Amino acid sequence: MDPTTDIAAGTEAAADPRAALEALRAEIAKAVVGQDPAVTGLVVALLCRGHVLLEGVPGVAKTLLVRALASALELDTKRVQFTPDLMPSDVTGSLVYDTRTAEFSFQPGPVFTNLLLADEINRTPPKTQSSLLEAMEERQVTVDGTPRPLPEPFLVAATQNPVEYEGTYPLPEAQLDRFLLKLTVPLPSRQDEIDVLTRHASGFNPRDLRAAGIRPVADPADLEAARAAVAGTTVSPEITAYVVDICRATRESPSLTMGVSPRGATALLSTARAWAWLTGRDYVIPDDVKALALPTLRHRVQLRPEAEMEGVTADSVIDAVLAHVPVPR
């Protein structure tokens, strides 16, 4: 390809943050086959300054997905493997005594990054899980009474295995509610799995994303411009009422002991705006709300034990609510 064309394309992407973020999908696809909903969810979370819980069995490219996103966005990323013996200071950092100066200095932990991959977050005790709460909500870490701001942008992408619960510490509802989205990462289709094996047979190395051809197609400046554009997306009173009605309906569902809180309603409105902007509109329609309802709300409801025994899932309850609540015209 002509280098002049490359330069022109890059300039156009920089001038249009939507085009830059759309290019992420094609770039990440060089390393991750399929999983478009998860990719879109991560982009939506970045636009909304939220955090993501990725749930899927081992080996479905959850870690690779996060690393590929960081490479394509020119973001710094760090990974923490959560284990039963992990301490809060292993995440946030701690004061270290310097023998040369005879003073304590702060040694930043891995949380001081743009994109933190918290791998298998449900395998560490609540004390360490809670060390992320301040970082996720306040975007700062307080050590020895001194608040220390985290880099911007900042996103926590936490993973958990949905089938192995032995030796795990399930996240409490209050902490689950801090995640903007809960994304399920399913097993690939037969054709996608064939494509994965074909790439590996051709020499693809998931540990070397540069060799896979992933290049930065957007940067934090594009992301900041995109966030400003999302903030200008129009939300009509009818759409606001629709979001509220959906969330209130979950509180009345006989299958749930706990419905969606007002924080969840705010999150759904935020993600719907981001999705509307990504799809090329400057206003929100009901379909935007429906598109983001499952990933935004599924972790904010609690099933009754008897409903769970009958095979009812959080997704099926939310689908029923969406089918029942009148859609504004």
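**View 1. A cavity lined by α2, α3 and Leu278.** A cavity here is a set of points on a 1 Å grid over the protein atoms alone where a 1.4 Å probe fits but cannot get out, and its lining residues have an atom within 4 Å of a point. Volume is the space filled by probe spheres set on the points, which are joined across faces, edges and corners. This is a predicted model, so local features need pLDDT of at least 70 and side-chain atom pairs count only at pLDDT 80 or more, while totals for chains, interfaces and linings use all residues. Residues are numbered from 1 along each chain as its sequence is written, and side-chain values use heavy atoms, with hydrogens and water left out.

Searching the whole structure turns up one cavity of 30 Å³ or more. The largest cavity comes to about 40 Å³. Who lines the largest cavity? The lining is made up of Leu21, Glu22, Arg25, Thr40, Val43 and Leu278. Helix α2 (17-28) and helix α3 each put in at least two of these residues, and α2 has the largest share, with three. (Helices, H or I of at least four residues, and strands, E of at least two, are DSSP runs numbered from the N terminus.) By type, the lining splits into three nonpolar residues, one polar and two charged; Leu and Val count as nonpolar, Glu and Arg as charged, and Thr as polar.

**View 2. The five-stranded sheet and two of its helices.** Follow the open sheet across and the strands come in the order β2-β5-β8-β1-β9, with parallel pairing. At the edges sit β2 (77-81) and β9 (181-184), each of which pairs on one side only. From one strand to the next, the twist averages 20 degrees. Two strands pair if DSSP finds at least two bridges between them; β2 and β5 (residues 115-119) have five, in the parallel sense. Pick out Val80 and you'll find Ala118 of β5 as its bridge partner.

Now for the helices. Helix α4 (residues 62-72) packs on the sheet and touches β1, β2, β5 and β8. The direction of α4 makes about 175 degrees with that of β5. Helix α3 (residues 36-47) lies across β1 (52-55), β8 (155-160) and β9, and runs at about 165 degrees to β9. Angles run from 0 to 180 degrees between N-to-C directions, along lines fitted to C-alpha atoms (for helices, over the stretch in contact).

**View 3. The β6-β7 hairpin and a cis proline.** Strands β6 (residues 140-143) and β7 (residues 146-149) pair in the antiparallel sense over four bridges. Two residues separate them in the hairpin, and Asp144 in the turn has a positive phi of about 60 degrees. Just before the turn, Val143 stands opposite Thr146. Strand β6 has two faces: Val141 and Val143 are on the covered one, Gln140 and Thr142 on the uncovered one. Further along, the peptide bond joining Glu152 and Pro153 is cis, with omega about 0 degrees. Pro153 sits in the loop between β7 and β8.

**View 4. Two loop residues with positive phi.** Neither residue in this view is a glycine, yet phi is positive in both: near 55 degrees for Arg49 and near 60 degrees for Glu74. Arg49 belongs to the loop between α3 and β1, and Glu74 to the loop between α4 and β2. Buried or exposed? Buried means under 20% relative accessible area, exposed over 50%, and partly exposed in between (1.4 Å probe, protein chains only). Arg49, with 37%, is partly exposed, and Glu74, with 49%, is partly exposed too.

**View 5. Thr233, a buried loop residue.** Thr233 comes in the loop between α10 (220-231) and α11 (237-251). Its relative accessible area is 3%, so Thr233 counts as buried. Which residues does Thr233 contact, leaving aside its neighbours within four places in sequence? They are Arg273, Ala276, Trp277, Asp282, Tyr283 and Val284. (Contact means heavy atoms within 4.5 Å.)

**View 6. Val301, another buried loop residue.** Look for Val301 in the loop between α13 (286-297) and β11 (302-303). Its relative accessibility is 12%, so Val301 is buried. Setting aside its neighbours within four places in sequence, Val301 is in contact with Thr250, Leu256, Met258, Gly259, Val260 and Ala314. Val301 and Thr257 are 44 residues apart in sequence, and 7.8 Å apart in space from C-alpha to C-alpha.

How values were computed. 1 Å grid on protein atoms, 1.4 Å probe; cavity = no way out; pocket = protein on both sides within 12 Å on 5 of 7 lines; lining within 4 Å.
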